[in-house]
Amino acid sequence: MNNPMLNEAAFKRAQERAASGGVMTLQGTINKTFLLLFLCVVGGMIAWTHVQSFSGGTALVTALVAFVAGMIASFKPAAAPIAAPVYAFFEGLFLGSVSAAYNAQLQGIVFNAVAVTVLVFFAMLFIYRTGIIRVTRGLAVGIFSAVTAILILYIGSFILSLFGVSTAYLTSNSPLAIGISVVICGVAAFSFLLDFHFIDSMTSDYQAPKYMEWYASVGLMFTLVWLYVEILELLSKLQRR
């Protein structure tokens, strides 16, 4: 009951093929996550400064490349050392173009969203490492259920929009829409606890090879990107009021 990319079966398979090149650790995974975050920021800055070149169809291409690279890292962990940096860089290109569009309408919103996202990530890492909040089965079930509910909400809203039904409850700047965004941001933040706990468990229960750090770091990046996009949307709703 965690990030769908971080599944125990992948770690078991990696354990069976583990070589002598070192084993996966939580700290190593965090370090590689920071590296992927750096590549994502570099990609974002390139798209930000060349926004005209990374809009429209080009933005969709970068999103597609990021998606394919992320899927390769998910389903073929041994390829993650190559696929993960590619995913992070092209995800950054896509997010940079999206962020530029937001910033064109609401000056300063991107800096605030980045700052809050990084702050939340470090805060959740601190909370996990110090044991302030312990990941129990009940907490895991609750977060997993909330993530599932959010996914259903997104899919349902998309289907309704295709039939011309208003989804203002999700996209407007009404108190209800803002409240939903706050809840979603909270669920995304707490998802980090499950990610950290699962990676920690896998590094202690299974002697996975070093390349699995890249695999797990992409899983963390998925959560990080989700949180950033949700915070960006929440701030935009607050500033439009």
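In this predicted model, the second largest pocket is lined by 22 residues. Those nearest its centre are Cys40, Val41, Gly44, Val114 and Tyr228. The volume of this pocket comes to about 480 Å³. Four helices, α2 (26–49), α4 (80–105), α5 (109–130) and α9 (212–240), each contribute at least two residues to the lining. Of these, α2 gives the most, with eight residues. What is the chemical character of the lining of the second largest pocket? Its residues divide into 16 nonpolar and six polar, with no charged residue in the lining.

From the pocket, we can turn to the interior. The largest nonpolar core holds 53 residues, and the members that touch the most others are Leu36, Tyr87, Met124, Phe192, Phe196 and Met221. Helices α2, α3 (57–75), α4, α5, α6 (137–162), α8 (175–205) and α9 each supply at least two residues of this core. The largest share, 15 residues, comes from α9. Tyr87 gives a helpful close-up of one of these members. Leaving aside its neighbours within four places in sequence, Tyr87 is in contact with Ala66, Ala69, Gly70, Val218, Met221, Phe222 and Val225. Apart from the largest core lies another core, of five residues, including Leu170, Ile180, Ile184 and Val187.

Aromatic rings add a further layer to the picture. Across the whole structure, a search finds nine aromatic pairs. In one of them, the ring centres of Phe34 and Phe122 are 5.7 Å apart and the planes meet at 35°; an angle between 30 and 60 degrees counts as tilted, so this pair is a tilted one. Phe34 sits in helix α2 and Phe122 in helix α5, 88 residues apart, and the pair thus links distant parts of the chain. Are these two rings buried or exposed? Phe34 is partly exposed, with a relative accessible area of 32%, and Phe122 is also partly exposed, at 43%; both values fall between the 20% limit for buried and the 50% limit for exposed.

A second pair is formed by Phe192 and Phe196. Their ring centres are 6.1 Å apart and their planes lie at 15°, which is under 30 degrees, so the pair is stacked. Both residues lie in helix α8, four residues apart, or about one turn of the helix. Phe192 and Phe196 are both buried, and both are among the core members that touch the most others. The two pairs also belong together in a wider group: Phe34, Phe121, Phe122, Tyr128, Phe192 and Phe196 form one aromatic cluster.

Methods
Residues numbered from 1 in each chain as written. Predicted model: local features only at pLDDT ≥ 70, side-chain atom pairs only at ≥ 80, totals over all residues. Heavy atoms only, no water. 1 Å grid on protein atoms, 1.4 Å probe; cavity = no way out; pocket = protein on both sides within 12 Å on 5 of 7 lines; lining within 4 Å. Points joined across faces, edges and corners; volume = space filled by probe spheres on them. Nonpolar A, V, L, I, M, F, W, Y, C, P; charged D, E, K, R; others polar. Core = buried A, V, L, I, M, F, W, Y, C linked by side-chain atoms within 4.5 Å. Buried < 20%, exposed > 50% of the residue type's maximum accessible area, 1.4 Å probe, protein only. Contact = heavy atoms within 4.5 Å. Phe/Tyr/Trp six-rings, centres within 6.5 Å; stacked < 30°, edge-to-face > 60°.
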